[in-house]
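Biologist: I should like a close look at one part of this model, namely its contacts between charged side chains, and then an account of the other side-chain links. Please set these out in a connected way.

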Amino acid sequence: MLKAQYVTIAFILMFNTMFDGAAITKRSYSDRSVKEYVTERTCWWNEVCKEEFQTLFRCKCPSWSYCRSPGRYYNAVCSMTETGYIWDQPASQWRGQ
């Protein structure tokens, strides 16, 4: 029983050493399916720019931010973080590509 614990600890240490220098890469996905706006106004930071299951953007995010959400079926907000599900807004450049 004690030997199994030492093997487990040795395995964990070896596994940790192998991946200690590896960088964590956050994934993004760009969705270009929505092409129109309810209104052409600019969103505030952290404001909902696209509601879940809607086919129009509520507003346009400033050029220094992204319309992003944790997944396709969530509300998206204007955020400076370019990870997650990025809703590419027309007349803007999604900087992750």
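Modeller: In this predicted model, the side chains of Arg32 and Asp88 form a salt bridge, with 3.8 Å from N to O. Arg32 belongs to the loop between β1 and β2, whereas Asp88 lies in the segment after β5, so that the contact links distant parts of the chain, 56 residues apart. The two partners can be set side by side in terms of cover. Arg32 has a relative accessible area of 43% and is therefore partly exposed, while Asp88, with a relative accessible area of 11%, is buried.

The Arg32 and Asp88 contact belongs to a set of four salt bridges in the structure. Another joins the side chains of Arg41 and Glu47, at 2.3 Å from N to O. Arg41 counts as partly exposed because its relative accessibility is 34%; Glu47 has a relative accessible area of 15% and is therefore buried. A further salt bridge is formed by the side chains of Glu51 and Arg58, at 3.6 Å from N to O. Here Glu51 is partly exposed at 33% relative accessibility, and Arg58 is partly exposed at 32%.

Charge also meets an aromatic ring. Lys50 lies over the face of Trp87, at 4.3 Å from the ring centre. Trp87 in turn forms one aromatic cluster with Tyr29 and Tyr85.

The search of the whole structure finds four aromatic pairs. One of them is made by Tyr29 and Tyr85, whose rings are tilted, with 5.1 Å centre to centre and 40 degrees between the planes. Because Tyr29 lies in strand β1 and Tyr85 in strand β5 (residues 84-87), this pair ties together parts that are 56 residues apart in sequence. Tyr85 has a relative accessibility of 11% and therefore counts as buried. Tyr37 and Phe57 form another tilted aromatic pair, at 5.5 Å centre to centre and with 35 degrees between the planes. This pair too links distant parts of the chain: Tyr37 is in the loop between β1 and β2, and Phe57 is in the loop between β2 and β3, 20 residues apart. Both Tyr37 and Phe57 are buried.

The covalent links come next. The count of disulfides is three. Cys43 and Cys59 are joined by a disulfide with an S to S distance of 1.8 Å, and this link is right-handed, with 110 degrees about the S-S bond. Cys43 is placed in the loop between β1 (28-31) and β2 (48-50), and Cys59 in the loop between β2 and β3 (66-69); the disulfide thus connects distant parts of the chain, 16 residues apart. Cys43 and Cys59 are both buried.

A disulfide also joins Cys49 to Cys67, with an S to S distance of 2.0 Å. The torsion about the S-S bond of Cys49 and Cys67 is about 105 degrees, and the disulfide is therefore right-handed. This pair links distant parts of the chain, with Cys49 in strand β2 and Cys67 in strand β3, 18 residues apart. Cys49 counts as buried because its relative accessibility is 0%, and Cys67 counts as buried because its relative accessibility is 2%.

Cys61 and Cys78 form a disulfide as well, with their sulfur atoms 2.1 Å apart. Its torsion about the S-S bond is about -90 degrees, so the disulfide of Cys61 and Cys78 is left-handed. Cys61 lies in the loop between β2 and β3, Cys78 in strand β4 (residues 76-79), and the pair links these distant parts of the chain, 17 residues apart. Both Cys61 and Cys78 are buried. When the bonded cysteines of the protein chain are numbered in sequence order, the pairing reads 1-3, 2-5, 4-6.

The surface offers a further feature. Trp45, Trp64 and Met80 make a nonpolar surface patch of about 400 Å². Trp45 is found in the loop between β1 and β2, and its relative accessible area of 53% is why Trp45 counts as exposed.

Terms used: Residues numbered from 1 in each chain as written. Predicted model: local features only at pLDDT ≥ 70, side-chain atom pairs only at ≥ 80, totals over all residues. Heavy atoms only, no water. Disulfide = S-S within 2.5 Å. Helix = DSSP H or I, 4+ residues; strand = E, 2+ residues; numbered from the N terminus. Buried < 20%, exposed > 50% of the residue type's maximum accessible area, 1.4 Å probe, protein only. Patch = residues over 30% accessible without salt bridge, like charges linked within 9 Å, V, L, I, M, F, W, Y side chains within 5 Å. Areas by Shrake-Rupley, 256 points an atom, 1.4 Å probe, with all protein chains shown as cover. Phe/Tyr/Trp six-rings, centres within 6.5 Å; stacked < 30°, edge-to-face > 60°. Lys NZ or Arg CZ within 6 Å of the ring centre and 35° of its normal.
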